[in-house]
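Notebook open, structure loaded. I want to go through the strands, the helices and a few odd backbone angles.

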Amino acid sequence: MNFTTRLVLLAFLACSMAAAKSPSSSNKASSTYSKASFVPPAAPSITKAGWPSAANHPSRAQQQIATGYGTELFGRKKNSNTEVSRTKTAAVPPVTKNGKIQIKMLASVPKIGQAGDIIFVSSAVFQNQLQRQKKARLISAEEVALLEAEKQKEEAEATQKAVDTKKMMEEVMLESLGEECSTDQDICGVALTMKRKAGPEGNLFGGINAKMIMGELANAFPDGSWEGKQVKLTDMKDSEGKDVKKKDIKHTGEYTCIVKLGNDVDVTFILSVVAE
């Protein structure tokens, strides 16, 4: 046996003796860990047919124990405030008619409707086009009733303003009555006078159209009702009864005009065009 072999044997014996003298250290280290106890699965509930229900099946219970899903420790708690807010913001059931749903247009869409219109469209058109582009929304029957009530109120106010405007113009016509007004005329008294540059024979240097007449009426009767699409000049004839509405007035004289002021409210008056 050579010297190197002796050294190896002595080192091996020294390690063996050191390990035999300290067995308590390994026992202390191993004693810090306790053996994991097995948690038995919940007993499955038995249905009438004798089989466990799907919710309490043994395999499902073991999976829940292993993953922690479905247990009180790892399960999510419902927020009562969230549930209340969801209830408050729940979608209102749409109004349906002949397989279509009622909506309110938020923007004008060609071939469908204008902004503010309340119409019926198919569910596919609403969901695939209007709702995605935020151009319409569902509207409930209660909201439609409120809008109708507001619309009727606005129409009543507009009608009253139209009646008041008609009275103002009729009062001016009565004040302007002269001896030249005969009894066989349908209307007497000038409500509006427009001055324009004209030649010796009464030909105007520039015509007078319906837009100009409406502008002069608004200036002459500032307290009148001249706003809205329904307010417009509907008829205009010269002293000979010829219709000149589609043409500009080119000559001085008196013209009988009819203006629509509102629903079922029209005013007939005389326009006098004179030379400056």
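Entry 1, strand β2. I began with β2, in what is a predicted model. Five of its six residues come out buried, so β2 is largely enclosed by the rest of the structure. Next I looked up its partners. β1, residues 96-97, pairs with β2 in the antiparallel sense over two bridges, and Lys97 sits opposite Lys100 in that pairing. The hairpin of β1 and β2 has two residues between the strands, and Asn98 takes a positive phi near 55° there. β3 also runs antiparallel to β2, joined by four bridges; Gln102 faces Phe120 of β3. With β4 I got three bridges, again antiparallel, and Met105 stands opposite Ala136.

Entry 2, helix α6. This one covers residues 141-175, which makes 35 residues. I checked its span: 52 Å from first C-alpha to last, close to the 51 Å expected at 1.5 Å a residue. Which residues of α6 are buried? I noted Val144, Ala162, Thr165, Met169 and Met173. Several of those numbers sit a few places apart, and I jotted down the textbook reason to care: an α-helix has 3.6 residues a turn, so residues three or four places apart point the same way. Then I asked what covers the buried residues of α6. The cover includes β2 (100-105), β3 (118-121), β5 (190-196), α7 (210-220), β9 (253-262) and β10 (265-275).

Entry 3, the four-stranded sheet. I traced an open sheet in the order β5-β10-β9-β7, with mixed pairing. β5 and β7 (232-237) are the edge strands with a single partner each, so one side of each has no neighbour in the sheet. On average, neighbouring strands here are turned by 30° against each other, direction ignored. I looked at one pairing in detail: β7 and β9 are antiparallel over five bridges, and Met236 has Cys257 in β9 as its bridge partner. Two helices lie across these strands. α6 crosses β5, β9 and β10, at about 40° to β10. α7 crosses β5, β7, β9 and β10, at about 115° to β5.

Entry 4, positive phi in loops. Background for myself: most residues other than glycine have a negative phi. Lys134 has phi near 55°, a positive value in a residue other than glycine. I found Lys134 in the loop between α5 (123-130) and β4 (136-138), exposed at 69% relative accessible area. Asp264 goes in the list as well, with a positive phi near 60°. Asp264 belongs to the loop between β9 and β10, and its relative accessible area of 81% makes it exposed.

Entry 5, salt bridges. How many does a search of the whole structure find? Two salt bridges turned up. In one, the side chains of Arg137 and Glu143 meet at 2.5 Å, N to O. I checked accessibility for this pair: Arg137 is partly exposed at 29%, and Glu143 also counts as partly exposed, at 25%. In the other, the side chains of Glu240 and Lys242 meet at 3.7 Å, N to O. Are Glu240 and Lys242 buried or exposed? I have both down as exposed.

Notes. Residues are numbered from 1 along each chain as its sequence is written. This is a predicted model: local features need pLDDT of at least 70, side-chain atom pairs count only at pLDDT 80 or more; totals for chains, interfaces and linings use all residues. Side-chain values use heavy atoms; hydrogens and water are left out. A salt bridge is a side-chain nitrogen of Lys or Arg within 4 Å of a carboxyl oxygen of Asp or Glu. Buried means under 20% relative accessible area, exposed over 50%, partly exposed in between (1.4 Å probe, protein chains only). The expected span of a helix is 1.5 Å times one less than its number of residues. Contact means heavy atoms within 4.5 Å. Two strands pair if DSSP finds at least two bridges between them. Axes are lines fitted to C-alpha atoms, for helices over the stretch in contact, and angles run from 0 to 180 degrees between N-to-C directions.
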